[in-house]
Amino acid sequence: MAQPGRTPGGDGVTLFDAVLLDRDGTLVEDVPFNGDPEKVRPLPGVRAALDRLRAAGLRLGVVTNQSGVARGLFSGSQMAAVHARVEQLLGPFGTWRVCPHEDADGCGCRKPAPGLVWAAAADLGTVPARCVVVGDIGRDVVAAAAAGAAGVLVPTAVTRAEEVAAAAWTAVDLPAAVEEILRRQAAVTPAAVAPWPVSGGGRGTVVVVRADSVGDVLVTGPAVRAVAAGADRVVLVCGPRGRAAADLLPGVDEVIEHPLPWIDPVPAPVDPVEMRGLVGRLAAVGADEAVIFTSFHQSPLPMALLLRMAGVPRVAAISDDYPGSLLDLRHRVPPGVPEPERALSLAAAAGYGLAPEDQPTLRLRPDALAPRPDETAVTGPEGYVVVHPGASVPARAAPAPRYAEIVAALASAGHRVLVTGGRDERELTARVAAAGGVDLGGRFNLAGLARVLTRARCLVVGNTGPAHLAAAVGTPVVSLFAPTVPFGQWAPYRVPTVRLGDPTAPCRDTRAATCPVPGHPCLAGIDPADVVAAVRVLAPG
Ligand SMILES: [Zn+2]
């Protein structure tokens with residue numbers, strides 16, 4: 001007999017182990033080149049906010065640029081006295097990581113370089129992907145992203161508007177950032193009791209739905225694994241454009257592929273016979289539950305209706321629209337949350353958490369990633385840079401001539417450059433690769449591209465499926481990101497990333513499929529030298 005009770009499967013895992021804090025303008029008032037402990041003034045609410053993090057078990061560190069040391073404006077002992085005063089007022093920090101250099105020194109630690117974040121994470125016994133960096137200027141959050149950490153910008157009056165626009169995550173001040181860090185952590189922690197009665201063992205057969213393209217399916221991977229940790233069997237429903245990714249997701253036992261005309265960007269007319277056929281296939285699954293994953297502008301309700309018609313007794317989804325009796329669990333998520341966490345929070349609300357040995361990162365089936373000699377013969381030895389000029393949505397691709405210049409600049413800097421693309425992008429890849437790369441257009445399916453990316457130093461790509469594929473194999477991404485959708489939701493997740501492109505372009509937040517601005521300025525203006533510099537930051541040596 002099914003009874004309410006503790007949910008089987010994983011308890012979920014923590015998103016973050018540690019919070020790394022900038023000093024001046026974030027923890028304390030920014031007194032330029034301060035060597036005097038008497039001038040240390042904590043910002044409002046900071047002590048209480050830090051104590052909330054400490055109480056939640058998060059480790060704390062400070063990462064701070066102090067070029068006053070290099071300039072001889074204060075001594076090391078004066079700085080130590082300032083830091084002692086900060087700890088006296090704000091409590092202990094597990095590590096202090098200070099860059100004493102100036103920009104001209106070209107060190108690897110001065111933010112926006114990621115060195116301080118790497119070092120502080122290691123000091124605290126964790127890795128950058130499990131850290132949040134909080135700071136008041138662009139350098140802080142750019143360093144965070146380059147290390148693969150989350151970054152929260154807490155702007156002050158001196159923070160530049162473009163830095164605010166480029167940030168993945170902003171909060172009004174440190175206390176607000178702490179509130180959101182703890183809220184995001186709680187949101188992916190599964191409810192101890194399922195929202196409906198469940199039997200003591202696994203939760204039977206669960207249908208998970210993620211329509212749309214490859215990237216959409218990949219970012220839902222952690223949530224699918226969470227469901228799989230508690231279910232006996234997982235059946236994933238996807239559209240044709242996402243099928244190749246569905247086949248790569250761990251935890252999926254069966255895939256049902258069907259066009260979903262309320263999601264597809266170029267939808268076919270709704271065919272009643274086809275829809276009845278889909279209902280029949282769903283009914284044949286005999287599912288006990290269904291979880292419908294969507295992006296924030298997609299409605300789960302048509303699929304919920306079909307699942308009801310197929311006899312599925314429990315249906316969960318995120319829906320701002322009134323669902324009537326279509327949903328048993330109507331979950332809500334504020335805007336701006338990364339898509340993988342948004343999906344994980346729905347799974348958590350339905351009582352599903354990642355298995356203890358799992359991590360909230362994108363992943364692929366390990367068997368799909370084994371190197372194949374026929375492919376490595378084409379790519380040559382590992383250590384190349386991959387440039388992927390195409391995009392599933394035209395507004396998210398930089399112009400081909402700009403990509404050609406990027407390839408030429410990377411080749412001049414000594415990189416071996418592989419240019420990848422789908423079968424329908426061979427004209428584009430040939431044109432781009434002619435500038436100094438190897439044209440691999442049409443040579444690999446999605447699984448093959450994943451294997452190519454596994455052996456790459458880094459990937460240069462727009463906001464499109466392969467960016468998430470790189471994240472899923474742990475390869476850093478130079479993201480040529482059109483601001484048509486929010487960077488905070490669609491950035492490559494938990495992998496070292498440098499964002500390029502104009503975040504303030506007029507196409508911002510339009511969700512345009514084709515760039516509405518003449519000349520496509522958000523991406524056409526990217527300087528190839530910035531791409532070369534980004535590759536140097538992400539893949540040094
Ligand atoms: Zn330094």
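The buried residues of helix H8 are covered by a set of elements that includes S6, helix H7 (214-219), S7, strand S9 (289-293) and helix H12 (339-349). That's a handy place to step into this predicted model. H8 itself spans residues 221-230, and eight of its 10 residues are buried, so the helix is largely enclosed by the rest of the structure. The buried ones are Gly 221, Pro 222, Ala 223, Val 224, Arg 225, Ala 226, Val 227 and Gly 230. Notice that an arginine, Arg 225, is on that list.

Now look at the strands that help cover H8. Strand S6 runs over residues 205-210, and six of its six residues are buried. In a regular strand, side chains alternate between the two faces of the sheet. For S6, that puts Thr 205, Val 207 and Val 209 on one side and Val 206, Val 208 and Arg 210 on the other, and both faces are covered. Strand S7 (residues 233-238) is also mostly covered, with five of its six residues buried.

How are these strands put together? Strands of a sheet pair through backbone hydrogen bonds, either parallel or antiparallel. Here S6 pairs with S7 in the parallel sense, over five bridges, and another five bridges join S6 to S9, again running parallel. Val 208 is a good residue to click on: its bridge partner in S7 is Leu 236, while in S9 it stands opposite Val 291. Moving on from S7, four bridges link that strand to the parallel strand S8 (residues 254-257). There, Val 235 has Glu 254 as its bridge partner in S8.

Further along the chain there's another sheet to trace. Six strands make up this open sheet, in the order S14-S13-S12-S15-S16-S17, with parallel pairing. Strand S14 (438-439) and strand S17 (497-500) sit at the edges with a single partner strand each, so one side of each has no neighbour in the sheet. Inside that order, strand S15 (residues 456-462) and strand S16 (residues 477-480) pair in parallel over four bridges. One of the pairings to look for is Gly 462 with its bridge partner Leu 480 in S16.

Next, the nonpolar packing. In soluble globular proteins, nonpolar side chains tend to be buried together. The largest nonpolar core in this model has 100 residues, and Leu 27, Leu 50 and Val 134 touch the most other members. Helix H16 (residues 446-454) is the element that gives the most to this core, contributing six residues. A second, separate core holds 31 residues, including Leu 410, Cys 458, Leu 500 and Cys 507.

Val 134 deserves a closer look. Leaving aside neighbours within four places in sequence, Val 134 is in contact with Val 19, Leu 20, Leu 21, Asp 22, Thr 26, Val 152, Val 154, Leu 174, Ala 177 and Ile 181.

Then there's the metal. Which residues hold the zinc ion? It is coordinated by Cys 99 (SG), His 101 (ND1), Cys 107 (SG) and Cys 109 (SG), at 2.1 to 2.2 Å. The angles among the four donor atoms are 99 to 116°, and the site is tetrahedral. If you like to think in motifs, the donor residues are spaced C-x1-H-x5-C-x1-C in sequence. Is Cys 99 buried or exposed? Its relative accessibility is 0%, so Cys 99 counts as buried. Cys 107, on the other hand, is partly exposed, with a relative accessible area of 23%; that value puts it outside the buried class because buried means under 20%.

For a contrast with all that burial, go to Pro 373, which belongs to helix H13 (residues 373-379). Its relative accessibility is 66%, so Pro 373 counts as exposed. Arg 396 comes 23 residues away along the chain, and the C-alpha atoms of Pro 373 and Arg 396 are separated by 33 Å.

Finally, how much confidence does the predictor report? The chain averages a pLDDT of 93, and 97% of the residues score at least 70. Residues 1-8 are a stretch to treat separately: the pLDDT there is below 50, and beyond near neighbours in sequence the stretch has 23 contacts in the model.

Methods
Residues numbered from 1 in each chain as written. Predicted model: local features only at pLDDT ≥ 70, side-chain atom pairs only at ≥ 80, totals over all residues. Heavy atoms only, no water. Buried < 20%, exposed > 50% of the residue type's maximum accessible area, 1.4 Å probe, protein only. Helix = DSSP H or I, 4+ residues; strand = E, 2+ residues; numbered from the N terminus. Pairing = 2+ DSSP bridges. Core = buried A, V, L, I, M, F, W, Y, C linked by side-chain atoms within 4.5 Å. Contact = heavy atoms within 4.5 Å. pLDDT = per-residue confidence, 0-100. Donors = N, O, S within 2.8 Å, 3.2 Å for Na, K, Ca; no water. Tetrahedral: all angles 85-135°; square planar, octahedral: opposite > 155°, others 65-115°.
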